[in-house]
Amino acid sequence: MNENKPTDHSASKVMKLLLGDEALALGAINAGLSGAYAYPGTPSTEILEFVQADPTARERGLHSHWSSNEKTAVEEALGMSFCGKRSMVSMKHVGLNVAADAFVNSAMTGANGGMLVISADDPSMHSSQNEQDSRFYARFAMTPCLEPSSQQEAYDMAAYGFGLSERLRIPVMVRLVTRLSHSRAQVATENIAAPENDLTYPANPRQWVLMPGNSRVRYRELIADQAKMEEESANSPFNRLTGGENSSLGIIASGIAYNYVMECFPEGCPFPVLKISQYPLPKRLISELFAKIDRVLIAEEGQPVIEEMLRGLLDTPSRPILGKLDGYLPRTGELTPDSVMEALVKAMPSLKTDIEEKVDNAIASMREELKELVVARPPALCQGCGHRDVYAALNAALENYSNPKVFGDIGCYTLGWLSPFNAIDTCLDMGASITMAKGAADAGQHPSVAIIGDSTFTHSGMTGLLDAINEDTPMTVIISDNLTTGMTGGQDSQGTGKLEQICLGLGADPSHVNTIDSLPKTFEEMKALFLKEFDHKGLSVIVARRECIQTARRHAKKG
Amino acid sequence: MKCDIILAGVGGQGILSIATILGAAALRDNLHLKQAEVHGMSQRGGDVMSCLRLSSSPIASDLIPTGKADLIVALEPMEALRHIGWLSPQGRVVTSTVPFVNIPNYPDREKILGLLSRLPNVTAFDMEEVAKAKATLRASNMVLLGAAAPYIDLSPEKIEAGIETIFSPKGEKMVQTNIAAFRAGREIALSLQ
């Protein structure tokens with residue numbers, strides 16, 4: 001089997017309209033996947049949702065339950081790989097921070113069955129708190145990384161990635177970005193799914209026990225394997241150096257940035273282009289490009305990973321480099337066909353064609369009025385959402401304190417920062433409401449309130465709560481329980497039905513673990529309960545419960 | 001054939017269903033298609049925009065370059081204006097005139113409609129009213145799809161087949177209601193030409 005051959009999209013294939021997320025999921029199922037693991041997070045959620053709904057996956061009984069968080073998900077997928085089966089784990093970029101311990105060390109244990117670690121980045125922060133670039137993690141852990149530029153490549157890279165993972169015996173990262181994850185296109189797919197791997201154990205069992213003696217041996221191997229990984233990249237069907245007669249400029253375009261470059265040249269690009277969709281960077285192909293051209297423009301979605309590597313610390317590359325670090329392309333936000341076109345025109349003024357013309361006079365004359373008449377429409381909590389009632393009662397309860405502080409968390413209820421509630425003071429990462437409220441209470445803050453959703457609580461709140469319980473920290477934790485993972489569209493929440501038991505099991509004082517319905521009619525009751533617990537000189541947990549209005553509607557329809 | 005469409009509206013209005021139906025129709029026609037949409041945070045009553053690109057030749061970018069869209073299709077007049085920078089000089093705006101007011105500072109409706117009317121190619125009418133008269137209020141998005149149909153190079157039969165594909169799991173009555181809304185929208189758009 002030669003996995004380096006470009007995939008054959010012949011007539012035996014079935015054309016399907018798929019999101020980038022779905023294409024990757026289907027590619028994995030068709031390549032003999034045995035289990036998928038994930039915690040929901042935009043823009044990665046649709047990967048596991050696709051596996052859950054896929055007929056082949058259901059028929060085969062492939063694992064597709066949601067995990068408690070990204071770290072447990074990576075470890076579960078690695079356990080499956082240990083047994084020789086093909087597994088994948090998917091998350092959003094910041095989820096990889098949570099899973100970093102498991103991911104980085106999985107490069108040390110290596111993989112047995114093929115394992116894909118899918119991390120979906122969110123440049124422009126459509127639904128995230130930062131723009132971190134997962135490719136740094138692949139480089140840090142020294143694993144290969146695939147970066148599809150199209151839905152078809154996302155599909156093809158699943159089988160290819162499993163093969164690569166099994167050849168190199170290491171997990172392979174697949175880096176997606178929002179505009180691929182959430183963009184649909186036709187994809188040529190196989191009709192039949194390949195069989196799953198048999199249960200087989202690692203040929204190198206020592207490597208899976210990362211005690212220092214074993215790790216030292218393995219680390220040397222991992223470093224030695226970098227050359228093999230680079231050779232795979234140089235021969236990858238997804239990395240391509242294409243001609244172009246004009247050598248005054250070369251272009252390196254990675255992932256979907258390649259599409260924006262091609263959009264600028266409908267008749268074909270006159271400059272040599274090196275398309276990068278597999279890492280580590282193939283030095284050989286880059287040298288070949290550099291030998292041909294005078295200057296190089298680097299277009300990459302996310303942070304300037306390739307650009308920084310090629311510039312080096314002293315910024316003395318053998319050819320002048322243009323990119324995000326010198327302002328040719330914007331340093332923040334996602335790329336667009338426009339920003340790439342502007343960079344190309346700045347680099348090659350002769351390309352300036354119809355840029356002025358395309359601004360319509362009628363529209364140009366409206367600019368001032370448009371500024372006045374088009375106002376922001378920020379997202380808001382749904383009408384009928386229980387978080388609204390929690391915030392209304394919380395604000396009322398805090399009214400008479402001079403400096404109350406409310407530590408928020410990640411989920412729909414982060415919208416409580418916006419008008420009309422303006423109810424939270426911080427939002428950092430999953431679970432930080434409880435631990436930051438604890439630190440604040442330790443500093444003398446009163447009242448110190450944490451507000452966290454049910455799914456975020458079981459993701460990363462429980463360990464922090466244990467800290468607060470052990471010290472009986474004077475603070476109030478409100479778990480606003482909507483019985484689902486709401487922001488990402490209503491996936492199962494791991495703590496549903498057992499939040500109080502979890503808190504009690506961790507050792508919370510039963511007389512200060514209270515449950516209340518979050519409804520307009522319980523406003524006074526909620527307010528009174530909040531006030532009572534603010535007065536308690538120790539830890540209180542209040543579970544405020546009401547089903548998410550979105551999932552409630554869905555359940556009502558199913559009736 | 002090439003048709004670049006910006007679909008705009010407010011989260012929950014049914015903009016993405018329009019994209020799904022046109023996608024199903026385009027797939028039947030063996031056209032190339034790319035459709036970038038927004039999920040997650042923006043869907044909670046915020047503004048939603050989707051780029052839908054149809055072409056007989058391969059499409060490079062998932063996003064439409066500004067100034068290149070052939071059509072802006074909006075269920076809300078301010079949302080139509082929000083994306084006006086994408087419209088090509090020959091492009092057309094098809095929009096409902098009914099504001100969706102979920103913010104305290106929604107601008108003056110007459111001023112918005114006045115600005116829209118200064119564009120050279122506009123199809124604008126009250127799509128909620130048409131939906132209520134010919135189908136149900138919830139089918140306003142299908143009235144909009146019908147109003148945009150004369151400007152999209154896909155046959156109405158193919159689009160109706162797309163509607164059938166999407167709504168058939170919800171029953172034949174749903175299919176007929178939505179097709180009725182689609183036809184009503186198309187008729188009005190043709191009569192306004």
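Reader: Which residues of H4(B) meet residues of H7(B)?

Author: B:Met127, B:Val130, B:Ala131 and B:Lys134 in H4(B) meet B:Ala180, B:Ala181, B:Ala184, B:Gly185 and B:Ile188 in H7(B). Contact here is C-beta atoms, placed from the backbone, within 7 Å; helices are DSSP runs (H or I, at least four residues), strands likewise (E, at least two), numbered from the N terminus. The model is predicted: local features need pLDDT of at least 70 and side-chain atom pairs 80 or more, while totals for chains, interfaces and linings use all residues. Residues count from 1 along each chain as its sequence is written, with chains lettered from A and ligands numbered from 1 in written order.

Reader: How do the residues of the contact of H4(B) with H7(B) divide?

Author: Seven are nonpolar, one polar and one charged. Ala, Val, Leu, Ile, Met, Phe, Trp, Tyr, Cys and Pro count as nonpolar, Asp, Glu, Lys and Arg as charged, the others, Gly among them, as polar.

Reader: What makes H4(B) oblique to H7(B)?

Author: The axes of H4 (residues 127-134) and H7 (residues 172-192) of chain B cross at roughly 130° and come within 9 Å. Axes are lines fitted to C-alpha atoms over the stretch in contact, with angles from 0 to 180 degrees between N-to-C directions. Under 35 degrees is roughly parallel, over 145 roughly antiparallel, 65 to 115 roughly perpendicular, the rest oblique. H4(B) is therefore oblique to H7(B).

Reader: Which strands are the edge strands of the open sheet?

Author: Eight strands form the sheet, in mixed pairing (at least two DSSP bridges per pair). The edge strands, E1 (14-19) of chain A and E6 (122-125) of chain B, each pair on one side only.

Key: Contact = placed C-beta atoms within 7 Å.
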